[in-house]
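Reader: I should like to learn how the features of a protein model are read. Please begin with the whole chain and then turn to single residues.

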Amino acid sequence: MKGNATVLLLTLLCLNATAQRPLIRVATHDNVLVLGVDKDSILRQVYYGPSIPTDGIDVASKDEAYSTYGKSYTEVALRITHSDGNTTTYLVCDKSTQQRIDDNTTLTNIYLHDTYYPVEVVLHYKAYEKENIIAQSADIRNGEKGPVVLGDFASGGLSFRENAYYLTSYYGDWAHEFNMTETRLEPGIRVIDSKLGVRSDQRSNPSFLLSMDGPLQEDDGRVLGATLAWPGSWQLKFEVGSDGNLNVLCGANPYASAYTLDAGATFTTPALLHTYSNHGAGDVTRRFHRWARVYGIRDGNGSRDVLLNNWEATYFDFDEQKLSAIIQQAGTMGFDLFLLDDGWFGNKYPRNNDNAGLGDWEVNKQKLPHGIPYLVQQCEANHLKFGIWIEPEMVNPRSALYEQHPDWVITASHRPLDLQRNQLILDLSNPRVQEYVYQCIDKLLRENRGIRYIKWDCNRYVTNPGSAYLPKDRQSNLFVDYSKNLLTIMERVRKAFPDVTLMACSGGGGRIDYATLPNFMEYWPSDNTDAMERIKIGWGLEYFYPAIGMASHVSNIPNGITGRSEPLKFRFDVAMTGKLGMDLQPMQMSDADKDFARKAIQTYKTTIADVVLHGDLYRLLSPYGGHRAAMMYVAPDSARAIVFSYLFQKAPGDEHHVIRLKGLRPEGRYTLRELDKGGYTRFGDYEGKTFSGAFLMNEGIRSDFYSEYESLIFEAVAQP
């Protein structure tokens, strides 16, 4: 049965003690999550793993699928203070339904209710069959006559009974995002969270890998991969009991966010996306990337533009003449789009530095007397599209907006303003503010139809939380309401302007999550564009997020953050592992460098981009294990592969290495060719030679480097 109109309804009467209790199976192509109901009508997780028969399993001995505060002494998914002050909740199962959404997705809903209070919980499990991904969330419905307060509100829980658990998670900071660390979980509770309020990450990310029995492996071993689709504060809890069982709870962070839910209202949690594999972290990655290109990122199977950003050339100091010169240079290099970054707006308080103008989204008449249409015309004359930077959620105290509406910012009463980057955050819990933010974007795009690209930034997080709009007993609703309303604004923009590309940026990689990305085609991983650092940053984030969204730019040297001066070829060879762009300005380059860059951009667009942006990622050599790194992308039909290899620091033993390829057809015959050649080659005698896929994957390719910042890109093309 196929199509949206096709519904398969299976009702399980869970409360009838004499009825047979069929197990509830949430199945993908390779996996199954099995839930069951015990004799007391408690919903329990029976099994999660590869598809196997599960008949005869003792349901009563398993852990509760959605635990509540009252009887449990462990961490719980749901904690409610009822309208009469009772803090306990006992949920039992009513029924479940299954609906076939389309050929690839099935939605399972499980209905629970409290044994006394009119509170209902509906657990949602959406199974994506081909990609082996399950999206898990909950609706919490308040049927009481008065408001209730949600103290904990996890999206869902998963439980495991294994001999050992190894958790891989992320840590970092501005310009140092997506570092990976592995920890063996011991008895007790480990919590990883974010309290940033208005963005999902940067100091961490709401994603993790859980390896069973031993440390994480790339191509082998049992692994759970999971990520929370939420743009605000989040929390991941891992509790190993004295019996060795592990319970995992994930959701929006309840810290300082006890949520008052009105009578008749429903609280919907963000989705927890997860998959289970017996074939290591690499298989988990490819599943998430395949899922994301269809469901998780806007236009994930489309094309992407190679852009030039003016920021490193001008910062805030530009005018029409400067920008026109940059645009003309860009037109000779093969770029598709010119992006005008910060500094183009504000008249009463001109945006000449970062201490004024945010919130006043009107073109600065002194810098751009002919407005945005003039720049669009300049771009069109040079065969370029035009893009622009905005930061719509923010405001400077030195702005006309703040003068008119000081009550529109997030700040605590009776406290001094706490500025970051000289700015404050607009209070999106306020409907008037929500509409103002949307209308600013709407007006900009409707009055300037030539804008084809928006870089949407968010350069600070919440401190001094408080809302002039929310009543005193709802102040802790702020973080959740902000995030939900932000997503609504993003969705409105996406629907109103389907032809405008949106890039998510947040002081670097602070807003990369699968609640934000369905509205965005690109994401900015880090303000650190140093090539060596970007290898490590990209290595970490691509465990869950695909290359088609990863904006990877070639920038100036010495790098403004690390001070390194890496060769131009090395910088290009790193940037080509994602969606290529450039901040380095052509007018600052030598003729030889411009010629190399022009050829590199052409090679990327004609030979590399399609495989990198739409292919499967295979990690070959980790930068965490030494001073080298290698990875490859393989086309979905395995007919082409692009291989990247780097040496970023010379040390004994790092000069010579054999790289064994992956993902090829063993019986196929592949011809090798070096790409993006510089003034040297490290490809030896392999150029133009043909080898079997089995040879390349078992014997491999010898990759010899002799100096730091050497790199190699080559393609393997299957012969007919």
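Author: The dialogue below goes from the overall fold to aromatic pairs, a helix and two residues. This is a predicted model, in which local features need pLDDT of at least 70 and side-chain atom pairs count only at pLDDT 80 or more, while totals for chains, interfaces and linings use all residues. Residues are numbered from 1 along each chain as its sequence is written, and side-chain values use heavy atoms, with hydrogens and water left out.

Reader: How many helices and strands are there in the protein chain?

Author: Helices (H or I, at least four residues) and strands (E, at least two) are DSSP runs, numbered from the N terminus. The protein chain has 11 helices and 38 strands. Its radius of gyration is 27 Å, close to the 27 Å from the globule rule for 720 residues, so the chain is as compact as a globular protein of that length. That radius is taken over C-alpha atoms, and the rule is 2.2 Å times the number of residues to the power 0.38. Along the principal axes, the C-alpha atoms fill a box of roughly 80 × 70 × 50 Å.

Reader: What percentage of the residues of the protein chain count as buried?

Author: Buried means under 20% relative accessible area, exposed over 50%, and partly exposed in between (1.4 Å probe, protein chains only). By this criterion, 62% of the 720 residues are buried. Contact means heavy atoms within 4.5 Å. Of the contacts with a separation of 6 or more, 69% involve residues 24 or more positions apart.

Reader: How many aromatic pairs does the structure hold?

Author: Rings of Phe, Tyr and Trp (its six-membered ring) pair if their centres lie within 6.5 Å; planes under 30 degrees apart count as stacked, over 60 as edge-to-face and the rest as tilted. The structure holds 31 such pairs. One of them joins Trp456 and Phe520 edge-to-face, at 5.7 Å centre to centre and with 65° between the planes. Trp456 belongs to strand 26 (residues 451–456), whereas Phe520, 64 residues apart from it, is in the loop between strand 27 (501–504) and strand 28 (522–523). Both Trp456 and Phe520 are buried.

Tyr523 and Tyr545 also form an edge-to-face pair, at 6.3 Å and 65°. Tyr523 lies in strand 28 and Tyr545 in the loop between helix 8 (531–541) and strand 29 (551–554), so their pairing ties together parts 22 residues apart in sequence. Tyr128, Trp291, Tyr295 and Tyr514 join these two tyrosines in one aromatic cluster.

Reader: Which residues of helix 4 are buried?

Author: An α-helix has 3.6 residues a turn, so residues three or four places apart point the same way. In helix 4 (residues 371–381), the buried residues include Gly371, Ile372, Leu375, Val376, Gln378 and Cys379. Their cover includes helix 3 (320–331), strand 22 (337–340), strand 23 (385–390), helix 6 (431–447) and strand 26. Just after helix 4, His383 takes a positive phi of about 60°.

Reader: Is Leu224 buried or exposed, and what does Leu224 touch?

Author: Leu224, in strand 15 (residues 223–229), is buried, with a relative accessible area of 0%. Beyond residues up to four places away in sequence, Leu224 touches partners including Tyr48, Phe160, Met212 and His274.

Reader: Is Lys455 buried or exposed?

Author: Lys455, in strand 26, is buried, with a relative accessible area of 9%. Its contacts, leaving aside neighbours within four places in sequence, include Asp341, Trp389, Met503 and Cys505.
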